[in-house]
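Biologist: I have a list of labels to challenge. Show me the model, and then justify each one.

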Amino acid sequence: MLRGVYPGSFDPVTYGHLDVIRRSARLVDELIVGVLNNKAKSPLFSVEERVKMLENVTKDMSNVKIIPFEGLLVDFACKVDAGMVIRGLRAITDFEYELQMAQTNHKMAPGVETVFLTTSLEYSYLSSTTVKEVAAFGGDISQFVPDTVADRITEKMKKKESVDV
Ligand code: PNS
């Protein structure tokens, strides 16, 4: 059984992530989407909310499971018995950080291989950060994230506005 982990923050999941999830799911028997619960950061969405949104948008993919994790990615990969970590590469600017991470992970866990998928060209500009910025200024995010996710972002932004006022 070939099991892969696609890790990330997914704050929130975008069409770019979904593209990598869909294509990775065809390469392995089971794909685990690992959602990082990084207590040092304050994400827009809680890890529970991010997991729920991911579950919702991947419900048509029968070999995809969404699992939150804390700590080192390689420890998580070993815990779920995955021999492969999958990461998306959008542009050359991603490469330096990704290479450093892959090499560090390989040193710590030589049995876990990192595999890179180049993000489809139509999503090569897309990031969760830019989606949040567009939404914060009231822009249309419907072409960047699935409708259910766009609704959650809009709700969240409204709540933030009412707290900030
Ligand atoms: O979506 P992101 O924020 O680019 O994902 C980054 C992620 C979660 C893959 C990375 O930060 C990570 O693996 N964090 C867990 C801690 C760890 O193992 N760091 C790698 C050592 S270089």
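Modeller: What follows is a set of questions on terms and values, each answered from this predicted model.

Biologist: Start with the sheet. What is the order of the strands, and is the pairing parallel or antiparallel?

Modeller: The order is E3-E2-E1-E4-E5, five strands in an open sheet. The pairing is parallel.

Biologist: What makes E3 and E5 edge strands?

Modeller: Strand E3 (64-69) and strand E5 (113-118) each pair on one side only. As for the twist, its average is 30° from one strand to the next.

Biologist: How do you know that E1 and E4 pair?

Modeller: Pairing takes at least two bridges. Strand E1 (residues 3-8) and strand E4 (residues 84-89) are joined by two bridges, so they pair. The two strands run parallel. Opposite Gly-4 stands Met-84 in E4.

Biologist: Which helix packs on the sheet, and which strands does that helix touch?

Modeller: Helix H2 (residues 47-57). H2 touches strand E2 (30-36) and E3. The directions of H2 and E2 make an angle of about 150°.

Biologist: Now the loops. Where is Thr-14, and why is Thr-14 called buried?

Modeller: Thr-14 sits in the loop between E1 and helix H1 (15-25). Its relative accessible area is 2%. The cut-off for buried is under 20%, so Thr-14 counts as buried. Thr-14 touches residues far along the chain, among them Leu-126, Ser-128, Val-131 and Phe-144.Biologist: What lies 3.1 Å from a polar atom of the Thr-14 side chain?

Modeller: The backbone nitrogen of Gly-16. A polar contact needs N or O atoms within 3.5 Å, and the 3.1 Å given for Gly-16 and Thr-14 is inside that limit.

Biologist: Where is Leu-126, and is Leu-126 buried or exposed?

Modeller: Leu-126 lies in the loop between E5 and H5. Its relative accessibility is 5%. Set against the limit of under 20%, that makes Leu-126 buried. Leu-126 has contacts with Thr-14, Arg-90 and Phe-144, among others. From Leu-126 to Phe-144 the C-alpha separation is 7.2 Å, with their positions 18 residues apart along the chain.

Biologist: Ser-120 is in a loop too. What makes its link to Asp-19 a polar contact?

Modeller: The loop is the one between E5 and H5. The side chains of Ser-120 and Asp-19 are joined at 2.9 Å. The limit is 3.5 Å, so the distance passes. Ser-120 also touches Arg-23.

Biologist: On to helix H5. How do you know that Ser-128, Val-131 and Ala-135 are on the same side?

Modeller: Ser-128, Val-131 and Ala-135 are buried residues of H5 (residues 128-136). They cover an arc of only 60° around the axis, and this puts them on the same side of H5. In general, an α-helix has 3.6 residues a turn, so residues three or four places apart point the same way.

Biologist: Which residue follows H5 with a positive phi?

Modeller: Gly-138, with phi near 80°.

Biologist: Last, the rings. How many aromatic pairs are there, and why is the pair of Tyr-6 and Phe-10 called edge-to-face?

Modeller: The count is four aromatic pairs. For Tyr-6 and Phe-10 the centres are 5.4 Å apart, and the limit for a pair is 6.5 Å. Their planes make 70°. Edge-to-face starts over 60 degrees, so the label holds.

Biologist: Why are both rings' residues called buried?

Modeller: Tyr-6 has a relative accessible area of 5%, and Phe-10 has 2%. Buried means under 20%, so Tyr-6 and Phe-10 both qualify.

Notes
Residues are numbered from 1 along each chain as its sequence is written. Side-chain values use heavy atoms; hydrogens and water are left out. Buried means under 20% relative accessible area, exposed over 50%, partly exposed in between (1.4 Å probe, protein chains only). Helices (H or I, at least four residues) and strands (E, at least two) are DSSP runs, numbered from the N terminus. The arc is that of the directions from the helix axis to the C-beta atoms. Axes are lines fitted to C-alpha atoms, for helices over the stretch in contact, and angles run from 0 to 180 degrees between N-to-C directions. Contact means heavy atoms within 4.5 Å. A polar contact is a pair of N or O atoms within 3.5 Å; within protein, one must be able to donate a hydrogen and the other to accept it, and residues adjacent in sequence count only if both atoms are side-chain atoms. Rings of Phe, Tyr and Trp (its six-membered ring) pair if their centres lie within 6.5 Å; planes under 30 degrees apart count as stacked, over 60 as edge-to-face and the rest as tilted.
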